[in-house]
Structure formats: structure tokens, C-alpha cells
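Look at the chain from one end to the other before reading on. The paragraphs below go from the overall layout to single pairs of residues.

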Amino acid sequence: MSAKAARKARRTAAVPLIAAAIALGASPAKVQDREQVKVAFAHALPNVEGKRLVAVTVTYPPGAKSLAHHHAATAFIYAYVLSGAVRSQVGDEPAKIYHAGESFYEMPGSHHQISENASDKEPASLLAVFVVNSKDEPLTTPDKAPGSQ
């Protein structure tokens, strides 16, 4: 992947999350209370036709959280906590706190109800690796706010 294509992929991944946060009623100042997502790697899988691997880093400032969301319908996700502690709840499973060095996964079609920094004092980050159909976009879709159309 060229440097230009990688920059475009990073911008493409972050813009929908920020736009969705604003569309759901968050002011630009509130968006700073949200996660920051950057594409670290994206490439077609040469030995699995129609699939690609996308790795993103998700950085949470102290007290920050993601909106509840779904990922692309075909996305299998492996998440590895790089620093701090992340509270996560996927589907009907109970919420759990994962510390640096721990990991979890999401099955295709899962609903990620909680994804947030478990600390209001220290930042946290994770690496999320998506195995997804090549044409699936966007990778993440925030839930609609209650009462929105």
C-alpha cells in the first residue's frame, strides 16, 4: 500500500466516527471525549479471495468512550489492549475490563455496547484487527441515538 493510500485510509476510517458523534448530538468539544481511531495497516489477503485485513489503533483519553456500535457484518475482530485498561461489553456478555497485554474478540454481527477507557485519570489504547470482506464499508457504524430518525 502506498503512503498516499495509507493516509487516505486513515482519514476515511476516522471521519465517519467523528461525523457520527457530531450527528448524534455531540458538540465538537464533546468529540474530544471520544476515542481516536487510526488505520495502522490495511491489505487484501492474497490467499483468501475477497477478504482483507485492517488493523486500527484506538486511543482513549482518560474517561473517554466510544458510542455503542456495530461493525461491518462480515467483520471478525481481534482486539489487543496496548496500554491502560479498556472496559468492553459485546452482545449479551457481561462488561469486562481488559488490561494491557490482554485481548478479546468479536464475532461477525456482534453489537459492541460498551467500549471505553476504564480510567478517568490514565489514557488507554488498543489494537483492533479486522478480517472483513474486501468491499465492506464502513467498518464501524454507531447506533442511532434514541428518538433519532
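What follows describes the fold, then the core, then the salt bridges.

The model is predicted. The chain has 2 helices and 10 strands. Read from the N terminus, the two helices come at the start, and the strands follow them. Of the 149 residues, 35% count as buried. The surface that the chain exposes comes to about 8,600 Å², and carbon and sulfur atoms supply 58% of that area.

How are the contacts spread along the sequence? Among contacts in the chain with a separation of 6 or more, 68% are between residues 24 or more positions apart. One example of distant residues is the pair Val39 and Val129: these are 90 residues apart along the chain, while their C-alpha atoms are separated by 9.9 Å.

The next topic is the interior. In soluble globular proteins, nonpolar side chains tend to be buried together. The largest nonpolar core of this chain holds 22 residues. Which of them touch the most other members? They are Val54, Val56, Tyr60, Leu126 and Phe130. Two or more residues of this core come from each of strand E1 (36-44), strand E2 (51-60), strand E4 (76-83) and strand E9 (124-133). Strand E9 gives the most, with 5 residues.

Val56 shows what such packing looks like around one residue. Leaving aside residues up to four places away in sequence, Val56 touches Val37, Lys38, Val39 and Ala40, and also Leu126, Leu127, Ala128 and Phe130. Val39, one of these partners, is found in strand E1. Val39 has a relative accessible area of 10%, so this residue counts as buried, the cut-off being under 20%.

Charged side chains form another set of links. A search of the whole structure finds 4 salt bridges. In one of them, Arg52 pairs with Glu137, and the closest N and O atoms are 2.8 Å apart. Where do the two partners lie? Arg52 is in strand E2, and Glu137 is in the loop between E9 and strand E10 (140-142). The pair links distant parts of the chain, as the two residues are 85 positions apart. The surroundings of the partners can be compared as well: Arg52 is buried, with a relative accessible area of 13%, whereas Glu137 is exposed at 52%.

A second salt bridge joins the side chains of Arg87 and Glu116, with 2.6 Å from N to O. Arg87 lies in strand E5 (residues 85-90) and Glu116 in strand E8 (residues 111-117), so this salt bridge ties together parts that are 29 residues apart in sequence. Arg87 is partly exposed, at 24% relative accessible area, and Glu116 is buried, at 13%.

The side chains of Lys121 and Asp120 also meet in a salt bridge, at 3.5 Å from N to O. Are these two residues buried or exposed? Lys121 counts as exposed at 65% relative accessibility, and Asp120 is exposed too, with a relative accessible area of 57%. Elsewhere, salt bridges that share partners join Lys65, Arg87 and Glu116 into one network.

To review, strands E1, E2, E4 and E9 are the elements that each give two or more residues to the largest nonpolar core. Strand E2 also holds Arg52, whose salt bridge is with Glu137.

Note on methods
Residues numbered from 1 in each chain as written. Predicted model: local features only at pLDDT ≥ 70, side-chain atom pairs only at ≥ 80, totals over all residues. Heavy atoms only, no water. Helix = DSSP H or I, 4+ residues; strand = E, 2+ residues; numbered from the N terminus. Buried < 20%, exposed > 50% of the residue type's maximum accessible area, 1.4 Å probe, protein only. Contact = heavy atoms within 4.5 Å. Areas by Shrake-Rupley, 256 points an atom, 1.4 Å probe, with all protein chains shown as cover. Core = buried A, V, L, I, M, F, W, Y, C linked by side-chain atoms within 4.5 Å.
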